[in-house]
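Me: I'm new to this one and would like a close look at a single part of it. Here is what I have in front of me.

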Amino acid sequence: MLELIVISTLNGVLFGMLLFLLSSGLTVIFSMMGVLNFAHASFYMLGAFFGFQLTKWIGFWPALVLAPLLVGSIGMAVERYGLRNTHKHGHVAELLLTFGLAFAIEEIVSMIWGKSPVDYRVPALLDFPAFTIFSTNYPAYKIFMLAVSIVIFIALLVVLKRTRVGLIVQAALTHPHMVGHLGHNVGRVFMAVFGVGSALAGIAGVIAGPALVTQSDMAASLGPILFVVIVFGGLGSLPGAFIASLVIGLVQTFAVALDGSLASAFGPLDPSTGPSVLTDIWNVTIAQVAPIVPYMLLVLILIVRPMGLMGTRES
């Protein structure tokens, strides 16, 4: 039991930090621009596939730098030639644009790399156990993923709260005309913000690709949980996204690891006490309902606090 708790905690924190690394870019984009980007998980997928391809050509470490830059450049192009033109038509047009872009990216990835998982491996430099807990060897690469996520979280907070760049970006959201009168190009500020947010998703893809399965439907599998995180934490709140990522990561990891059920806790039901449906529900294990746990948390937080844990926006 102690081994289960320790390993599940480590894996939960790691999964939570990966969720934060992915959701931080979307949170920055929404907080600065008010755009809820449905294609954000697709940029994560592009980061994984760009990282895979560049790793084959030039190695993992150059790919870790170049792949996010490529994804960020694509994000800047999307903002400049797509979102900027649809912004005048309201948020519905922006949502439809990013929604369609997500499907387009998935099909393009499928045509180039196919639908089967690609052979994206952990770099040899980090392919060893960092330490051993009980009888379990914990990979050094997972520690690397955790370290990268923590460094990016601290860097984002410092840039947004303590630097002139962060002040300009935040001011451009609430007072764009004043920022423009001060000599700053508001359009370029928003384009840079969208590019940085996309690059953060690209970084998440590059480092998560070797540890997880890199295939063309990876965005669809992770995208819904991403929106659970940002709504649970509060739309536009970076600390809220951080807390929500850790909570969801830990809760879902422990849920997957637990095999208990009502039947194991209170004993099996007598067949004569009720219909077979009730018996089936009685025998369902926690691990079987683990995939819906994040969405149950989402429903709960929307009922109790619709703006999220640390959100300030009502809509």
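Does Glu79 count as buried or exposed, and why? Please walk me through its surroundings too.

Reply: A word on the ground rules: this is a predicted model, where local features need pLDDT of at least 70 and side-chain atom pairs count only at pLDDT 80 or more, while totals for chains, interfaces and linings use all residues. Residues are numbered from 1 along each chain as its sequence is written, and side-chain values use heavy atoms, with hydrogens and water left out.

Now to your residue. Glu79 counts as buried because its relative accessibility is 4% (buried means under 20% relative accessible area, exposed over 50%, partly exposed in between, with a 1.4 Å probe and protein chains only). Glu79 sits in helix H3, residues 60–86 (helices are DSSP runs of H or I with at least four residues, numbered from the N terminus). Leaving aside residues up to four places away in sequence, Glu79 touches Met33, Arg84, Gly187, Phe190, Met191 and Phe194, where contact means heavy atoms within 4.5 Å.

One of those neighbours, Phe194, leads on to another spot: Phe194 belongs to H8 and takes part in the contact between H2 and H8. On the H2 side, that contact includes His40, Phe43 and Tyr44. By class, the contact has eight nonpolar, seven polar and no charged residues (Ala, Val, Leu, Ile, Met, Phe, Trp, Tyr, Cys and Pro count as nonpolar, Asp, Glu, Lys and Arg as charged, and the others, Gly among them, as polar).

Conventions. Helices (H or I, at least four residues) and strands (E, at least two) are DSSP runs, numbered from the N terminus.
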